[in-house]
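Okay, hi everyone, thanks for making room for me today. I'll put the structure up, and then we'll walk through a sheet and a few cysteines.

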Amino acid sequence: GDSICDCRKGAIESKLLTRKTDAGSTVFMPEVDQCMSQLASSVPVDIMPGRCDPCNYTMPQQPMHRCMFPKASSFPTFQCVSNPYDCRVGGARFLGSSGQGVNNIFSYTTYDDQLAILEQTLRYCHMLPTAPDTLGCYPFYKSDPFIIKECPSVFFAGNQGKFDYTHIVGKDGQRVLVVLVPRFADSSSAVVVNLRTLDCQEIHFSTRLRLADEAAGTKSGIGARSGDDAEEGMDDGEPKAEDGAVRNSPAYTTTASAVKDFDVDSPVDSQKVLVSSPNKEGMDLG
């Protein structure tokens, strides 16, 4: 959820535009499309809208149009989905949302634990118990689509402040994994679920950027190296790169590492990754 816009920067900004300004959602669309296309080239990707994304505001939110993802839409593994979202992966049923229901209950009640709120909504068999009173939703009058009629294997909520989970057992012995998926923009982490055991873990990603000319041992004046970065650079005896060589070289060198790895004993098909918001510029991977 919140796949394109960052609600914390002001959800009403897009409503106060002039012909000389652009909505924040349009600025990040090429970057989101590029990111989704890279992921969809190797793994199936479902992108879910959030409260500030370019789609209808009221619940349930309809899938974002595929025309906004021209590169990613060329892959059959990429699909835009609704919010809430219900699917089956490897025999396990996933049911969840971008977190509006949990956040709304947290704002209007004395609950101070989002995981307890999510667990209670499952026990209530209703995903959005505060709609339409304090949470906008479409005026259904014949049936309520937010009623949980079938027990899921995994019940999740995205865009939460921290990672947390619990296992609950139903009256008929159903075992359900209830999990909070943290905002990637704040935590730089994703959640991996083992479909066989319904165990989950949080994996953290860290990215370190180094100027290419600094790695080559030059002094560009942009910044000074210290500590480990200085040790990782080239020896002082190496010839310094000329300005033209620096301009023609890649701008940055990026390295990424995961604090916790995937379960190497489990095949890829037996694991599902849940991610909320990919970076601090406002993109999310719902």
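Before we look at the sheet, one bit of vocabulary: two strands count as paired if DSSP finds at least two bridges between them. And keep in mind that this is a predicted model.

So, in what order do the five strands of the open sheet come? They go β3-β4-β5-β7-β6, and the pairing is mixed. At the edges sit β3, residues 85-89, and β6, residues 164-169, each of which pairs on one side only. On average, neighbouring strands here are turned by 20 degrees against each other, if you ignore direction.

Let's zoom in on the β3 edge. Strand β4 covers residues 92-97, and it runs antiparallel to β3, with five bridges joining the two. If you want a pair to click on, take D86: its bridge partner in β4 is L95.

Now, what packs on this sheet? That's helix α3, residues 114-124, which touches β5 (154-160), β6 and β7 (175-182). The direction of α3 makes about 140 degrees with that of β7.

Right, on to the cysteines. How many disulfides does the structure hold? Zero. Take C80 and ask why its sulfur has no bond: the closest cysteine sulfur is in C67, and at 9.1 Å that's too far, because a disulfide needs the two sulfurs within 2.5 Å.

And is C80 buried or exposed? It counts as buried, because its relative accessibility is 13%, and the cut-off for buried is under 20%. C55, on the other hand, is partly exposed, with a relative accessible area of 23%.

Okay, that's me done. Questions?

Terms used: Residues numbered from 1 in each chain as written. Predicted model: local features only at pLDDT ≥ 70, side-chain atom pairs only at ≥ 80, totals over all residues. Heavy atoms only, no water. Buried < 20%, exposed > 50% of the residue type's maximum accessible area, 1.4 Å probe, protein only. Helix = DSSP H or I, 4+ residues; strand = E, 2+ residues; numbered from the N terminus. Axes fitted to C-alpha atoms, helices over the stretch in contact; angles between N-to-C directions. Contact = heavy atoms within 4.5 Å.
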